[in-house]
Amino acid sequence: MTQSNLSRRQFFSASALAATTFATANLRGQDARANCASSYEQYSYASDGKTAKIFSSAISEPVNILQISDSHLFLDDARGEEYKQFSDRMAKAYNHTKRATDGKETNPTEMFQEITSNAAKQDYDAITLTGDIVSFPSAAGVDFAKEQLEATGVPYFYTSGNHDWHFEGMEGSEKELRDEWIQKRLKPLYPDGVNPLCYSRIVNGVNLLMVDDSIYEILPEQLDFIRQELAKNIPTLVFMHIPLYAPGRSVGYGVGHPDWNAAHDRNMIVERRRQWPEAGHTAVTYSFRDELLAAQNMLGVFTGHIHQNTLDLVNGKPSNVVRAAYDGSTLRIELRPFPKRPEQRKTPTR
Ligand SMILES: [Fe+2]
């Protein structure tokens with residue numbers, strides 16, 4: 001994905017807006033879930049692009065999550081020899097980077113090592129990886145990432161990006177290639193026994209949904225999955241690779257984008273893949289986006305793909321992009337109980 005033109009100033013102005021507290025709708029009449037529903041009444045979100053702080057009356061204990069995206073590891077070894085014709089371009093992409101904090105010359109491998117070694121020293125309950133961890137389906141890259149992640153001692157949850165499974169120029173549809181190379185290369189990065197296209201984990205009372213949207217389209221089974229998960233009515237965060245469409249954004253924010261179609265596909269030649277469909281998105285993909293953003297218990301969407309920090313509020317819901325990890329960038333996500341005023345802190349006397 002080419003870099004977004006969004007300036008830092010635009011991002012921080014969006015962040016300031018996001019810090020506004022807003023109340024959610026009162027769900028009177030839903031007796032069975034009355035206690036749970038009322039707990040969503042207080043909610044706020046604040047971000048400076050490095051740390052996102054979510055406060056909610058539905059959160060009962062602190063949760064800290066580290067999001068890593070788009071590290072674009074390009075390591076390879078003899079197992080990749082026969083695929084060189086398909087990996088050549090991406091194996092040379094992002095090989096030399098500059099560390100975001102100080103401009104030091106570095107590379108994706110060094111930055112991944114630094115990120116995971118810092119994570120091991122902190123207080124994370126989970127690490128979420130939102131795709132393009134490797135620049136092509138590289139067994140050496142996956143081995144390296146897994147080794148580094150295991151060494152943190154922190155549970156980690158991965159979903160793929162459009163480059164993780166893509167050998168450029170290889171015959172097959174995006175869906176077929178994703179299924180094939182998840183099984184042949186990426187499987188070690190997933191927890192045992194999960195469906196790589198959609199799975200969930202509850203961490204300290206917060207439901208983390210990992211959804212693979214790396215072909216821009218959502219499958220019916222993935223729509224069914226989020227419906228079932230959201231119906232649990234517990235605080236939920238969603239992690240994916242490609243951001244949801246927000247008005248004013250490019251087709252890179254492609255899930256539910258009304259211009260995502262063949263006429264707007266500018267990278268199919270360079271990426272040597274099939275063209276996006278003439279007719280654009282399916283009804284399933286549009287429903288997925290709309291239903292996620294309408295759910296009261298969905299507290300934030302966290303993605304990558306664009307390589308720059310951006311934040312959109314869509315129907316009041318934060319939709320985040322984290323900057324690419326190849327320069328050492330990550331997002332720390334903190335969930336906390338909504339702060340109480342002094343009079344609310346008193347314990348009732350009998
Ligand atoms: Fe990427």
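How do the axes of helix 4 and helix 5 lie relative to each other, and at what angle do they cross? In this predicted model, the axes of helix 4 (residues 108-120) and helix 5 (residues 139-152) come within 8 Å and cross at roughly 15°. Because angles under 35 degrees count as roughly parallel, helix 4 and helix 5 are described as roughly parallel to each other, and their crossing is right-handed. On the side of helix 4 the contact is made by Phe112, Gln113, Thr116, Ala119 and Ala120, and on the side of helix 5 by Ala145, Gln148, Leu149, Ala151 and Thr152. Sorted by class, this contact of helix 4 with helix 5 has six nonpolar and four polar residues, with no charged residues.

A second helix pair is formed by helix 7 (residues 220-230) and helix 8 (residues 283-294), whose axes come within 9 Å and cross at roughly 20°. Helix 7 and helix 8 are therefore also roughly parallel to each other, but helix 7 passes helix 8 in a left-handed crossing. In helix 7, Pro220, Gln222, Leu223, Ile226 and Arg227 meet Val284, Ser287, Phe288, Glu291 and Leu292 of helix 8. The classes represented in the contact of helix 7 with helix 8 are six nonpolar, two polar and two charged residues.

Helix 7 also lies across strand 8, strand 9, strand 10 (236-239) and strand 11 (298-303), running at about 175° to strand 9. These four strands belong to an open sheet of six strands with mixed pairing, in which the order is 8-9-10-11-13-12. The edges of this sheet are taken by strand 8 (198-203) and strand 12 (310-314), each of which has a single partner strand, so that one side of each is left without a neighbour in the sheet. Direction ignored, neighbouring strands of this sheet are turned by 20° against each other on average. The partner of edge strand 8 is strand 9 (residues 206-211), with which strand 8 pairs in the antiparallel sense over six bridges; within this pairing, Tyr199 has Met210 in strand 9 as its bridge partner.

Another open sheet of six strands, likewise with mixed pairing, has the order 1-2-14-3-6-7. Here strand 1 (43-47) and strand 7 stand at the edges, and because each has a single partner strand, one side of each is left without a neighbour in the sheet. The average turn between neighbouring strands of this sheet, direction ignored, is 15°. Strand 14 (residues 331-337) pairs with strand 2 (residues 51-56) in the parallel sense over six bridges, whereas five bridges join strand 14 to strand 3 (residues 63-68) in an antiparallel arrangement. In the parallel pairing, Ile54 stands opposite Leu335 and Ser56 has Pro337 as its bridge partner; in the antiparallel pairing, Gln67 stands opposite Leu331.

Beyond edge strand 7 (156-159), the chain continues through a loop towards helix 6 (174-186), and Ser173 is placed in this loop. Ser173 counts as exposed because it has 11 C-beta neighbours inside 10 Å, the limit for this class being 12 or fewer. Ser173 and Gln275 are 102 residues apart in sequence, while their C-alpha atoms are 9.7 Å apart in space.

How values were computed: Residues numbered from 1 in each chain as written. Predicted model: local features only at pLDDT ≥ 70, side-chain atom pairs only at ≥ 80, totals over all residues. Pairing = 2+ DSSP bridges. Helix = DSSP H or I, 4+ residues; strand = E, 2+ residues; numbered from the N terminus. Axes fitted to C-alpha atoms, helices over the stretch in contact; angles between N-to-C directions. Contact = placed C-beta atoms within 7 Å. Parallel < 35°, antiparallel > 145°, perpendicular 65-115°, else oblique. Left-handed = near helix turned anticlockwise from the far one by under 90°. Nonpolar A, V, L, I, M, F, W, Y, C, P; charged D, E, K, R; others polar. Buried ≥ 20, exposed ≤ 12 C-beta atoms within 10 Å, placed from the backbone.
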